[in-house]
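Reader: I have a model open and do not know where to start. Can you show me how to read it?

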Amino acid sequence: MQAFETHTGLAAPFPVENIDTDVIIPMGPLMMTPRARLGEKAFLPLRFREDGSDNPDFVLNRPEFRGASILIAGRNFGCGSSREGAVHALQGMGLRVIVAPTFGDIFYGNCIKNGVLPVQLDDTEHARLMQVAIDANGGAEFGADLPRQVLTLPDGTEIPFDIDPGHKSRLLAGLDEIGITETYKDAIAAWQAADRKAHPWIWAIEGSA
Amino acid sequence: MSNGTLFGKLWNRHLILTNPEGLDLIHVDRSLLTDLSGTVGLEEMEEDGRKVANPALHAAMPDHVIPTGREDTPQQAKLRERFVRNLDRLSVQQGIRHFGRGSGRQGIVHVVGLEQGFTLPGATLVCGDSHTSTHGAVGALAWGIGSTEVKHVLATQTLWMKRPKTARVWLDGSLKRGVFSKDLILWLIGELGADFGREHAVEFAGPAIDALSIEARASLCNLGVEMGARFALIAPDEKTFAYHRGRPYVPDGELWESALEDWRTLHSDVTAIFDKEVRLDVSDVTPQITWGVSPEHVTGRGGAVPAEGAESGALDYMGLCAGQSLIGLPVDYVFIGSCANSRIEDLRIAADIVRGQQVAGGVTAWVVPGSEAVKQLAEAEGLADIFIAAGFEWREPGCSMCNAVNGDLVAPGKRAVSTSNRNFVGRQGPNARTHLASPATAALCALAGEIRIAEPEAAICPAG
């Protein structure tokens, strides 16, 4: 998996609440598109008009925000379906950092697994960042520094953010989790052996078809 | 520390270790594999040449992609080849039980897991599907995961998790007759918001929950994730145990007795401390229907769209104006099905309303049973005949028009009343307009050809 340490780029303001993963990547195109090309289908219902042309009102279609790699999103971003392709589609569009007041829990976890930094800010800080991104209008760079846990505004002002230490370490390391877990295989085997005695009805299924 | 909560007890029971950064390695007792995330997970295992760690703890079945009609379209045939056949092939290869079409056990994972007794109280259960919260209805610790995690579970039977906080939603009072658990959970989402449960495991409790049947609890926990709760949980009780007894994957004899003894301890202590707690009375809840593009866009006030505060994007998409009533809007599709509402009790409720009447002209009305077992039972009870005589299509089990993965679509711009759980933009098809409601409301709308909401009766309905 991809690691995340620091990033600098343009920030696009997208202050819409409850953007769900069906909107980020509808299931039809997700099933028919190889992962490397999912970025072309990201935000499909918002990004294109019914005739297939670009919707000029969608923020990431506006010339000043093309190439944005930081998305300043609204409350409950990534709610809904567990589809990990939503993160792949955002990555495919070049997004590396998503900032929101709240995220869908499964989407948040999927970001961590794929090297996309989800930054949760309280409402006040989020509103401030949103306004700066609107005012900058794609004309200035923002920064994200995971080791120091700060976002940087174009004028150099820093906004600190919280992140769980476990999630932070996984993002910084960018390691294959299965490989990590396999180093604990003795502990897992010991737990299972004890649980077979403590809760044998859980394991009775091993004998049935 | 469990703080005396049911969630804490279940989490601690499955905790293998905590790493230095504070992530917990949690054992997974049960996993369900769909023909979408399950197929992809198994394909990735095959590419890596990996063996599944504990194949007996998984169950695979096609639901998302498998067609529900009599004949496949060319597109459906192509999807079936890739997703449905590969699930079957790779399950067999890995020694995982597979419930294919015609086995008598095929259906939507969140219907089949419960009805087959694959889901057990006190067990951890995961699936690459967000509606896995459903299984919390019987006191299982169940949650939806992404595809990287599906592969991790296949390879190791564990997951690395950040321990969530705990919340309890305590519900007093009784639902009126004609108000169902679907109305209750839609109302709760409207009251508390679509992100109330984020970062929390949410336990539902109180007299109004005790009164619900297991299937009604399943519908409620199913939509728990629509209020942001990745984990929804209801303590198992005597109703739960009666529901489980004798199901195919529930142990019997001495094991049943020892399981029962354990399961009776699975509840939050009186002194339990939750990170967040709300208490509401359900006695005045009315039938609910959504007007917008998030399940929190819901109304119980005679179908009135909010006059203020409604997002203009949502109104535009749905073809509505602020303050208008939904009542009388022409309906093009009615879908009774999905992991929210496709169980036998749902079909009985809808059939009672439909009996002896006709679907209005111009309405495409479908009933898609949640599983082959539900379908067979509904046919034996005569429910299928009632639906068919009224003009409903009676289809094969699957997710169908809920997520429109398999080609079962609402046509662009058309209006659907659906018993499913998501009214997201494009969810039931590009530009489809979805109104979520209970099976009773959906049945009424099919007969009327327009949106109708029943007036609840004052009498108490303990079955919910």
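Author: We will go through chain contacts, domains, buried residues and salt bridges in turn. Keep in mind that this is a predicted model.

Reader: Start with the two chains. How many residues does each chain give to the contact?

Author: Chain B gives 67 residues and chain A gives 52 residues. Next, look at the area. Together the two chains bury about 5000 Å². Of that, 60% lies on carbon and sulfur atoms.

Reader: How many salt bridges and polar contacts cross between chain B and chain A?

Author: The rule finds five salt bridges across this interface. There are also 24 residue pairs in polar contact, both residues at pLDDT 80 or more.

Reader: Which elements of chain B give two or more residues to the side that touches chain A?

Author: Among them are strand 1 (15–18), strand 2 (24–27), helix 3 (74–94) and helix 5 (147–156) of chain B. Helix 5 of chain B has the largest share, with seven residues. By class, this side of chain B has 26 nonpolar, 21 polar and 20 charged residues.

Reader: Show me one residue of chain A that touches chain B.

Author: Take A:Asn110, in helix 5 (residues 105–114) of chain A. Its contacts include B:Gly146 and B:Glu149. Within its own chain, A:Asn110 touches A:Ser82, A:Arg83, A:Glu84 and A:Val87.

Reader: Is A:Asn110 buried or exposed?

Author: Compare its relative accessibility with the cut-off. Buried means under 20%. A:Asn110 has 1%, so it counts as buried.

Reader: Now the domains. Where do the domains of chain B begin and end?

Author: Domain 1 covers 6–276 and domain 2 covers 289–453. Their centres, taken over C-alpha atoms, are 24 Å apart.

Reader: How many residues of each domain of chain B are in contact with the other domain?

Author: Domain 1 brings 44 residues and domain 2 brings 45 residues. The two domains bury about 3200 Å² between them, 54% of it on carbon and sulfur atoms. Three residues stand out on the domain 1 side. B:Thr68, B:Lys182 and B:Glu215 supply 21% of the area that domain 1 of chain B buries against domain 2, more than any other three residues.

Reader: What polar links join the two domains of chain B?

Author: The count is one salt bridge. There are 30 residue pairs in polar contact, again with both residues at pLDDT 80 or more. On the domain 1 side that touches domain 2, 17 residues are nonpolar, 19 are polar and eight are charged.

Reader: B:Thr68 came up above. Which side chain joins B:Thr68 in a polar contact?

Author: That is B:Asp408, at 2.6 Å. B:Asp408 sits in the loop between strand 18 (393–394) and strand 19 (415–418) of chain B. Its relative accessible area is 3%, so B:Asp408 is buried. B:Asp408 also touches B:Gln76 and B:Trp366, among others.

Reader: Now salt bridges. Why do such side chains pair?

Author: Side chains of opposite charge can pair when their charged atoms come close. Over all chains, this structure holds 40 salt bridges.

Reader: Which residues form salt bridges with A:Asp22?

Author: One is B:Arg427, at 3.0 Å from N to O. Another is A:Arg83, with the closest N and O atoms 3.1 Å apart. A:Asp22 lies in helix 1 (residues 21–24) of chain A, and A:Arg83 is 61 residues away in a loop. A:Asp22 is buried at 4%. A:Arg83 is buried too, at 8%.

Reader: How far apart in sequence are B:Glu226 and B:Arg422?

Author: Their side chains meet in a salt bridge of 2.9 Å, N to O. The two residues are 196 residues apart in sequence, so the pair ties together distant numbers in chain B. B:Glu226 is buried at 4%, and B:Arg422 is buried at 1%.

Reader: Give me a pair that is partly exposed.

Author: Try B:Lys165 and B:Glu199, whose closest N and O atoms are 3.7 Å apart. B:Lys165 lies in strand 9 (residues 165–172) and B:Glu199 in a loop of chain B, so the pair ties together parts 34 residues apart in sequence. B:Lys165 is partly exposed at 39%, and B:Glu199 is partly exposed at 27%.

Reader: Which residues are linked in a network of salt bridges?

Author: A:Glu17, A:Arg75, B:Asp195 and B:Glu296 are.

Terms used
Residues are numbered from 1 along each chain as its sequence is written. Chains are lettered from A and ligands numbered from 1 in the order in which they are written. This is a predicted model: local features need pLDDT of at least 70, side-chain atom pairs count only at pLDDT 80 or more; totals for chains, interfaces and linings use all residues. Side-chain values use heavy atoms; hydrogens and water are left out. Contact means heavy atoms within 4.5 Å. Buried area is the accessible area (1.4 Å probe) that two parts lose on being put together, summed over both. A salt bridge is a side-chain nitrogen of Lys or Arg within 4 Å of a carboxyl oxygen of Asp or Glu. A polar contact is a pair of N or O atoms within 3.5 Å; within protein, one must be able to donate a hydrogen and the other to accept it, and residues adjacent in sequence count only if both atoms are side-chain atoms. Helices (H or I, at least four residues) and strands (E, at least two) are DSSP runs, numbered from the N terminus. Ala, Val, Leu, Ile, Met, Phe, Trp, Tyr, Cys and Pro count as nonpolar, Asp, Glu, Lys and Arg as charged, and the others, Gly among them, as polar. Buried means under 20% relative accessible area, exposed over 50%, partly exposed in between (1.4 Å probe, protein chains only). Domain bounds come from an automatic or database domain assignment. Lists of a residue's contacts leave out its neighbours within four places in sequence.
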